[in-house]
Amino acid sequence: MRAEDAPLIRLEDYRPSDWLIDTVDLDIVLDPTRTRVRSQLQLRPNPAGHAGAPLVLDGDELTPDSILLDDVPLDPSAYSLSAQGLTIHAPPARAFSLRIETTLDPGANTKLMGLYRSSGVYCTQCEADGFRRITYFLDRPDVMSVYTVRLEAEKTQAPVLLSNGNLVAAAELPGGERHFAVWHDPHPKPAYLFALVGGKLDHVRQDYMTADGRKVELAVYVEPGKAGRAGWALDSLVRCMRWDERVFGRNYDLDVFNVVAVSDFNMGAMENKGLNIFNDKYVLADPLTASDGDYASIEAIIAHEYFHNWTGNRITCRDWFQLCLKEGLTVFRDQEFSSDERSRPVKRIADVRTLRSTQFSEDAGPLAHPVRPRAYKEINNFYTPTVYEKGAEVIRMLKVLIGEDAFTRGMDLYFERCDGTAATIEEFLDCFVEASGQDLAHFARWYEQAGTPTVVASGKYDAQARSYKLQLAQSTPATPGQSHKQPVVIPVALGLVGKGGDLPLTSISPALKAGGVVVLDQPSLSLTFTDVPEAPTPSLLRGFSAPVRLELDLGDSDLLTLFTADSDSFNRWQALQTVAMRTLVRAGKGDMSTLDATASALGKALSGFLADPALDPAFAAQVLRLPAPADIAREIGIDVDPDVVHGAHRRLSAAIGGALAGQLADLRVSLTDRGPYSPAASPAGRRALRNEALGLIALGEPASGARLGLAQFAEADNLTDRLAALAAMTLIPGAEREDLIARFGELYAREPLVLDKWLMAQALIAEDGTLTRVKGLMNHPAFSLGNPNRVRGLIGGFAANLTQFNRADGEGYGFIADIVIALDRTNPQVASRLLGSFKSWRMLEAGRRAKAEAALRMVQTTPNLSRDVADIATRSLA
Ligand SMILES: [Zn+2]
């Protein structure tokens, strides 16, 4: 079916299911090509549905081998089959049972949805609608059932058999060659949370006692021989379970909790009840094969999936329009966990960088959509930064607006009231209305309105009156389908900074709330602060209190004051970013006139900053990193020439790197750790700063950069430092670089997850030869279009290369379009994600814009596209 033919599913068309399924008994005999699935469903009419309605079960690429209703074979005239499933025309108007048998070929399932085999391991992925690829079902999240699953397999092929819930029986079958396991999950759940795993796997395990006294057996399963790399994931699991007990009062609710790592996986990980399945990239870690960033991601994603047990599993979504109910909230929870485990300001800066680069760019392009979309053709295309990251920002704002105590009471009420249900955003918000006594109707607009609001701020100090008048105005640009925007509720956390630090905030304006938060909920607002003893510098949007763009009328010298004097770490970082961004935007449009002066001002500010004995290395690493070329391009927003933008970024970085080269080199020496590698936040922070410094030196003084980079590679005892050396060397063309690339590739020839990074480092080289290099690397023995991680590393890396994906000759677009078309035949989800790389095409200058559009049209007009790819192509061109 093409996207134009696919039905548009609308939120307002939601109605409850006509039928409910109370219990599901699955009997699955695993076989690489002929897996037999026997499903027994106990159905009854839903009192909230239409009486006498037909039973329409979802099914995708299935044919039933047999259908029995109340143990009697169903007459073929009683049902019909279509590409969408199975309809029983006149089921009995009472409870009844249905037994359906199907046969699957897991080995041929390249879509990696439903049941498939990855490196000899049977596994499943059912969110959003993969369960219908296993058996016929009411595959919608508001149908929640109790599952009992019997798995059977050859012992040599699948000695480990796992499913959701608790293990209730397991034994060998007569003859000793086959065995079975029965799992029972007492918690009713939607089909998208079903999972099974069967295969040869090693594991690490640990007992855990919950705060309410339940003994839980935790285990992390990995490919044979890799158990030595599973310890960090297990450790992270224990820490996040304790944290959720302490911070949200949530205890785990089964006797086992299993995590399984598989090597072919479309997403990051999946929160199936009691049996989380992970992309192995987010489980496996040791110092020589995982970077500090990987350790942090593993910790965050293990926590994210675990936290879903309450926010997603016990309380699930009524329909997929409510996806942000589980995702935005759970991202917020994992961000808070990582902030408590590591440095809160550094985590916030990193999250805001991600938000701006992924979500703001989505909001600014043709794929913009609200946090809660109102219509979709393919739900798999809505697992987006807007639903996840902006969804988390909405929760964060809610907490700022109603205060910590009311937020905690609201969460408790939500857990109590909605437990065991499939809920909506409205039901969630009602809990906070009750807990806070505040009207949140206006705030709820964040869920409905797409686009990134801009807040324009200006201020004036009256020395005689000792008052400071601040004016704020908001606007949101039009997005597809939403031409007129309404004001939203924007919490602006602020301070007034004087020579000696923060000044007191006194105002009679009702817009000023406790904790220095001004609530901007109108198009504009003006408020006056009194008893201000000196001309202040306003520090606005502290901690990035709302996901908006801020334009403020501060000069560079005021911003540099904030950089040194602001008590808010986020705004210290932001002040320097703003100084750099302004010049980079100007230079990115071709006006280089302020670049040298800004380089010198930034160099001076950084030099003083780096000399501070109380320097926090992790924070300093963030400060040293200038806005990325893609962020500069997004700020320019129109008629962008990526080569000019990239050139401006290089020139400013090189000027700063050159001016500070000596100081940075000394700093690197002082930051060197002599002890064994530890992934803890503090040594990771020192490595981050050393490696940022290396990158700047490589641009400022390539000869010293190469010398330091090669030495670091030779001495490194961990992947972080090796990768940083490789990244620095990719900035310096020449034989030494090529030699290092080759040596790195040989060193890690048998480590696919490290090779992904190696492929990406090469795909990101901002030089004309990169496209040829990438095409050559597709022939590398480790590369395969069938593995999503390899595709994301090499092809995804190239698509993120601002100058080379956007080559003036259009070859970059053609290359990606060809791969999207090829990949769509086997794995539509990965193909449509890759096509999303075109999301910013409209901001380009006319020549590139035309070539990008032509490539998109070529994709769009390809026959037999999947719904996933057709939907993205059509929306991108709309
Ligand atoms: Zn999630």
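# Exercises on a predicted model

With angles of 52 to 153° among its four donor atoms, the zinc ion in this structure has an irregular site. The structure is a predicted model, and the exercises below begin with that site.

## Exercise 1: the zinc site

Identify the protein donors of the zinc ion and place their residues along the chain.

Solution. Begin with the atoms: the protein donors are NE2 of His-304, NE2 of His-308 and, listed twice, an OE atom of Glu-327, and they lie 2.0 to 2.7 Å from the zinc ion. Next read the spacing in sequence, where the donor residues follow the pattern H-x3-H-x18-E. The pair of His-308 and Glu-327 links distant parts of the chain, since His-308 belongs to the loop between H2 and strand S22 (316–317), whereas Glu-327 belongs to helix H3, 19 residues apart. Both His-308 and Glu-327 are buried. Finally, consider the geometry: four donors would count as tetrahedral if all angles lay between 85 and 135 degrees, and the range of 52 to 153° at the zinc ion goes with the description of the site as irregular.

## Exercise 2: helices H1 and H2

Compare the end-to-end length of helix H1 with its expected span, and state what its buried residues pack against.

Solution. Start with the length: the 18 residues of helix H1 (residues 231–248) should span 26 Å at 1.5 Å a residue, and the end C-alpha atoms are 25 Å apart, so the two values agree. Turn then to burial, where the buried residues of H1 include Trp-232, Leu-234, Leu-237, Cys-240, Met-241, Trp-243 and Phe-248, and also the charged pair Asp-244 and Glu-245. An α-helix has 3.6 residues a turn, so residues three or four places apart point the same way. The partners of the buried residues of H1 are strand S17 (202–209), strand S18 (215–222), strand S19 (256–262), helix H2 (292–307), helix H3 (323–341) and helix H6 (404–418). After the helix comes Gly-249, with a positive phi near 65°.

Helix H2 can be treated in the same manner. From its first C-alpha to its last, H2 reaches 23 Å with its 16 residues, close to the 22 Å expected at 1.5 Å a residue. Of those 16 residues 13 are buried, so H2 is largely enclosed by the rest of the structure.

## Exercise 3: unusual backbone angles

Which peptide bond is cis, and where do Asp-531 and Phe-544 lie?

Solution. As background, most residues other than glycine have a negative phi, and most peptide bonds are trans. The cis bond runs from Glu-127 to Ala-128, with omega near 0°, and Ala-128 is placed in the loop between strand S11 (121–125) and strand S12 (145–154). Asp-531 has a positive phi near 55° and sits in the loop between strand S31 (524–529) and strand S32 (537–540). For Phe-544, phi is likewise positive and near 55°, and the residue is in the loop between S32 and strand S33 (549–552). Their accessibility is the last step: Asp-531 is partly exposed at a relative accessible area of 49%, while Phe-544 is buried at 1%.

## Exercise 4: enclosed space

How many cavities of 30 Å³ or more does a search of the whole structure find, and which residues line the largest cavity?

Solution. The search finds two cavities of 30 Å³ or more, and the largest has a volume of about 80 Å³. Among the residues lining the largest cavity are Ser-118, Ser-119, Val-121, Glu-223, Lys-226, Ser-263, Asp-280 and Leu-284.

## Exercise 5: three residues and their surroundings

For Ile-395, Leu-747 and Ala-478, decide whether each is buried, partly exposed or exposed, and list contacts beyond four places in sequence.

Solution. Ile-395, in helix H5 (residues 385–402), is buried because its relative accessible area is 2%, and a residue under 20% counts as buried. Ile-395 touches Gly-328, Leu-329, Phe-332, Phe-407, Phe-428 and Tyr-447. Leu-747 is found in helix H18 (residues 735–747), counts as partly exposed at 45% relative accessibility, and is in contact with Phe-713 and Arg-722. Ala-478, in the loop between strand S26 (467–475) and strand S27 (490–498), counts as exposed at 53%, with Ser-483 and Lys-485 as its contacts once neighbours within four places are set aside.

Terms used
Residues are numbered from 1 along each chain as its sequence is written. This is a predicted model: local features need pLDDT of at least 70, side-chain atom pairs count only at pLDDT 80 or more; totals for chains, interfaces and linings use all residues. Side-chain values use heavy atoms; hydrogens and water are left out. Helices (H or I, at least four residues) and strands (E, at least two) are DSSP runs, numbered from the N terminus. The expected span of a helix is 1.5 Å times one less than its number of residues. Buried means under 20% relative accessible area, exposed over 50%, partly exposed in between (1.4 Å probe, protein chains only). Contact means heavy atoms within 4.5 Å. Donors are N, O and S atoms within 2.8 Å of the metal (3.2 Å for Na, K and Ca); water is not among the atoms, so sites may look incomplete. Four donors count as tetrahedral if all angles lie between 85 and 135 degrees; four count as square planar and six as octahedral if opposite donors are over 155 degrees apart and all others between 65 and 115; anything else is irregular. On a 1 Å grid over the protein atoms alone, a cavity is a set of points where a 1.4 Å probe fits but cannot get out, and a pocket is an open set with protein on both sides within 12 Å along at least five of seven lines; lining residues have an atom within 4 Å of a point. Grid points are joined across faces, edges and corners, and a volume is the space filled by probe spheres set on the points.
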